[in-house]
Amino acid sequence: MSSSTGSPDVEVRRSRRRRRTVSAYRDGERIVVLIPATMSKRDEATWVADMVARIERQERRKPRSDDDLVARATRLNDLYLGGLAVPASVRWVTNQSARWGSCTPGDRTIRLSDRLQQMPGWVVDYVLVHELAHLLEAGHTPEFWAWVDRYPKAEKAKGYLEGYSTGARLEPPPGSGDTAD
């Protein structure tokens, strides 16, 4: 089950061995909820909503590490850029108040603003793909945007960041009419 509103994909697994307990965990972009096989559909809907909310609260409290960011960048590079954009380093930084991320193609370093840590994973993924694409094409050329647009949620993430920027009175993100990162 998924929705276009940004809610995560959810997989419900019923178990005959499970009697009363309900649990959930993150598996990539999906949240897996484990419930007893005998649970009613009404109770299932209530428990799934509660467990998804619990996982999302835990994730908002837990800051993502630089190691998480490197692993995420590697996976996105393989999925959307054919493994061609290999950064030397990827890390969170606290000194980017006007940008979501930056890339220095010369030394192959990528930095993401720590403000992104509280945003949905698909938005972080978009910014990572954007910065990884700069390792293939330095400027915001049509070729660059062709690389970025391989990420299926690129337009959605651009809209999210543009809305966030407007609400926070920040500069608009790249791809919304400007040419700066």
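The following paragraphs lead through the two sheets, the helices and the cores of a predicted model. In this predicted model, local features need pLDDT of at least 70 and side-chain atom pairs count only at pLDDT 80 or more, whereas totals for chains, interfaces and linings use all residues. Residues are numbered from 1 along each chain as its sequence is written, and side-chain values use heavy atoms, with hydrogens and water left out.

One open sheet consists of three strands in the order E1-E3-E2, with mixed pairing; strands (E, at least two residues) and helices (H or I, at least four) are DSSP runs numbered from the N terminus, and two strands pair if DSSP finds at least two bridges between them. Its edge strands, each pairing on one side only, are E1 (9-15) and E2 (23-27). Neighbouring strands in this sheet are turned by 25° against each other on average, with direction ignored. E1 runs parallel to E3 (residues 30-36), to which it is joined by seven bridges, and valine 12 has valine 33 in E3 as its bridge partner.

The strands E4, E6 and E5 form another open sheet, in the order E4-E6-E5 and again with mixed pairing. Because E4 and E5 each have a single partner strand, they stand at the edges, and one side of each is left without a neighbour in the sheet. The twist from one strand to the next averages 15° here. Five bridges pair E4 with E6 in the parallel sense, and serine 89 has threonine 109 in E6 as its bridge partner.

Two helices lie across these strands. H2 lies across E4 and E6 and runs at about 135° to E4, while H3 lies across E4, E5 and E6 and runs at about 150° to E6; for such angles, axes are lines fitted to C-alpha atoms, for helices over the stretch in contact, and values run from 0 to 180 degrees between N-to-C directions.

What fills the largest nonpolar core, and which of its residues touch the most other members? A nonpolar core is a set of buried Ala, Val, Leu, Ile, Met, Phe, Trp, Tyr and Cys residues joined through side-chain atoms within 4.5 Å, where buried means under 20% relative accessible area, exposed over 50%, and partly exposed in between (1.4 Å probe, protein chains only). This core has 31 residues, and those touching the most other members are Leu112, Leu116, Tyr126, Leu128, Leu132, Tyr151 and Leu161. Two or more residues each come from H2 (66-80), E4 (89-93), E6 (109-113), H3 (121-133), H4 (142-148) and H5 (154-167), and H3 gives the largest share, nine residues. Leucine 128, leaving aside residues up to four places away in sequence, touches Leu69, Arg72, Ala73, Leu76, Val90 and Leu112, a contact being heavy atoms within 4.5 Å. A second, separate core of 11 residues includes Ile31, Met39, Val48 and Ile55.

In H5, the buried residues are Ala154, Ala157, Lys158, Leu161 and Ser165. They lie on the same side of H5 because they cover an arc of only 105° around the axis, the arc being that of the directions from the helix axis to the C-beta atoms. These buried residues pack against H3 and H4, whereas the face turned away from them carries the exposed residues Glu155, Thr166 and Gly167.

A last local feature is a backbone angle. Most residues other than glycine have a negative phi. Arginine 108, although not a glycine, has a positive phi of about 60°, and is found in the loop between E5 (101-104) and E6. At 28% relative accessibility, arginine 108 counts as partly exposed.
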